[in-house]
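Visitor: I am new to this structure and would be grateful for a close look at a single part of it. Please begin with one residue and work outward from there.

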Amino acid sequence: MTSTHDFIRADDVLSGKLSDAQTVYLEKKYGHGKLIRLLEVVGTGGPFKVKSPWELEDRAGQTVINASGYAALPFGDNPPELNLFLRQVLEQTDQVMFGQQSITTWRAALETNLVRLLARESGDHHDSRVFFSNSGTEAVEAAIKFAQAARPKAKYLINFTRAYHGKTLGALAVTPNPNLQGPFKNILNPAVITLPYGDAEAVERAIKRVGDQVIAVLLEPILGEAGVRIPPPGFLKRVGEVCRTKGVIVIADEIQTGLGRSGHWFESVAQGLIPDILTLAKPLGGGMLPVGATIVRHEIYKPLLGSVETIKRHSNTFGGNSLAMAVGLKSLEILLDNDYPARSRRLGERGLTRLKAVQRQHPALIEEVRGAGMLFAMNFHPVAKLPFKLQGELIAEVTGMLALVAFYRSGVLLNFSLNAARTMRLTPAMNMPEELFDRMFDDVEAAAAEHPSSFALVQKYGTPELLSLVKAAFLED
Ligand SMILES: Cc1ncc(COP(=O)(O)O)c(C=O)c1O
């Protein structure tokens, strides 16, 4: 790269000619500068090299255990088995990659396996259909459209407090986070009834009152982005029963929980709720490619896409492309062959026991811990207590950021939670070797011991660093 007018050659990136410093500069200048600047200041954003599927090495040569895959890395980053498989797929140069208007083997195989898996687990869904897209939020968009088309006279969607379903406009309409909805509120669907998560009686009352006008109840079987919040026993089952009385469609958003993360193939089904529509994404792409899937009962599928008049009402250009389908098929196969949901359940219990012990030892740092399978959360006390709500939110953001740094320095990279700023999550790969898994909790313990209270997160971070962080946060991008 010689001047600002030059284009960057793909071969230069492939051969590693773009330095780390150039990469950071270009990301800041032409990409999501604010985020990159913040990550650069706290020093947790890389660029990284994958040392093993479960460990990243940063520019300073520190190796951290990667617990930050946002539930989208079932086998870690760049897993060799999938990497090798992709190369084999790409060697078949006569296959159609873009299958929007043609029949393809990869898509046929993946839709078959997804329906068969859901049918096996639920004892139902044998006749369901799959619609593919390119992200989780799109899988939710499709779910909402299938549901509305199947109940054309109904007008309300029921969702729950602190839910997260994505950021495209339909999915955002059912993600009741005022900060995320912010300036878009006027173009979001207003017909949303938000009920307290976990309150089966509230659902019962709403369905009794306006059930005939309710299109669907949309729920996460465990709130992921709200920081791994598990509903009371019986809640999910009851919602299913109540909805059935009025024909209300139940959509289970298993984009975060599904395919083993929570310790089950499908958390909703494991808790006695058989949804009419189920959304999947994150782990289906094996951490390599985006794959979203909406699995829909046939009678609900038909009104949207089952007739010539309506067949064009939902589609996307790249959903179901062969590369994505191949990776999805292989990822599902690896999960099945190794029964990773069972491993996730077993190691999840061990991890949660460790986390609970850390919380008991350091109650002034960690308020609460929660977990389901290999989905763990630590809720930190705010680093300061201020009386005003707005400042409280800012303090919560700072708390999360400083916790990220503290644990990173002890060797573990955590996830933020989009609907809970003071909650940091661990979503390690489901195939993480046990020795590394245990070491990750040793590192968590060490980080907590170094910071016996949340105020220690500020003290240990250092004043100059704090000033740089404040500058990066408040100065114009
Ligand atoms: C439950 C749930 N639904 C939907 C989404 C949106 O998925 P994506 O980020 O792939 O659009 C997420 C992402 O975190 C999620 O956790």
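Guide: The residue chosen is Val228, in what is a predicted model. Val228 is buried, because 28 other C-beta atoms lie within 10 Å and 20 or more are enough for that description. Its place in the chain is the loop between strand E7 (214–219) and helix H10 (235–246). The backbone here deserves attention: Val228 is not a glycine, yet its phi is positive, at about 55°. Most residues other than glycine have a negative phi, and most peptide bonds are trans.

Two further places in the chain may be set beside this one. Ala71, which is not a glycine either, has a positive phi of about 65°. Ala71 belongs to the loop between strand E3 (63–66) and helix H4 (80–91), and it is buried, with 27 other C-beta atoms within 10 Å. The other place concerns the peptide bond: Gly46 and Pro47 are joined by a cis peptide bond, with omega about 5°. Pro47 is found in the loop between H3 and strand E1 (49–52).

The helix before that loop also has a packing partner. The axes of helix H2 (residues 20–30) and helix H3 (residues 33–42) come within 7 Å and cross at roughly 140°, so H2 is oblique to H3. In this pairing Val24, Glu27, Lys28 and Lys29 of H2 meet Gly33, Ile36, Arg37 and Glu40 of H3.

From these local features one may turn to the interior. In soluble globular proteins, nonpolar side chains tend to be buried together. In this model the largest nonpolar core has 129 residues, and those with the most contacts inside it are Ala147, Ala216 and Val412. Helix H15 (residues 389–409) gives the most to this core, with nine residues. Domain 1 (21–79 + 340–474) and domain 2 (95–338) both contribute residues, and the core therefore lies between them. As for Ala216, leaving aside residues up to four places away in sequence, it touches Ala147, Leu157, Val248, Ile249, Val250 and Ile251.

The two domains themselves come next. The chain is divided into domain 1 (21–79 + 340–474) and domain 2 (95–338), and their centres, taken over C-alpha atoms, are separated by 28 Å. Where the domains meet, 32 residues of domain 1 are in contact with 26 residues of domain 2. On the side of domain 1 that touches domain 2, H14, strand E11 (366–372), strand E12 (375–380) and strand E14 (423–426) each supply at least two residues. H14 gives the most to that side, with six residues.

H14 also packs against another helix. Two packed helices are described by the angle between their axes and the distance between the axes. For helix H14 (residues 340–361) and helix H16 (residues 434–450), the axes come within 10 Å and cross at roughly 10°. H14 and H16 are therefore roughly parallel to each other, and H14 passes H16 in a right-handed crossing. On the H14 side the contact is made by Leu347, Gly351, Arg354, Val358 and Gln361, and on the H16 side by Phe437, Phe441, Val444, Glu445 and Ala448.

Key
Residues numbered from 1 in each chain as written. Predicted model: local features only at pLDDT ≥ 70, side-chain atom pairs only at ≥ 80, totals over all residues. Core = buried A, V, L, I, M, F, W, Y, C linked by C-beta atoms within 7 Å. Buried ≥ 20, exposed ≤ 12 C-beta atoms within 10 Å, placed from the backbone. Helix = DSSP H or I, 4+ residues; strand = E, 2+ residues; numbered from the N terminus. Domains from an automatic or database assignment. Contact = placed C-beta atoms within 7 Å. Axes fitted to C-alpha atoms, helices over the stretch in contact; angles between N-to-C directions. Parallel < 35°, antiparallel > 145°, perpendicular 65-115°, else oblique. Left-handed = near helix turned anticlockwise from the far one by under 90°.
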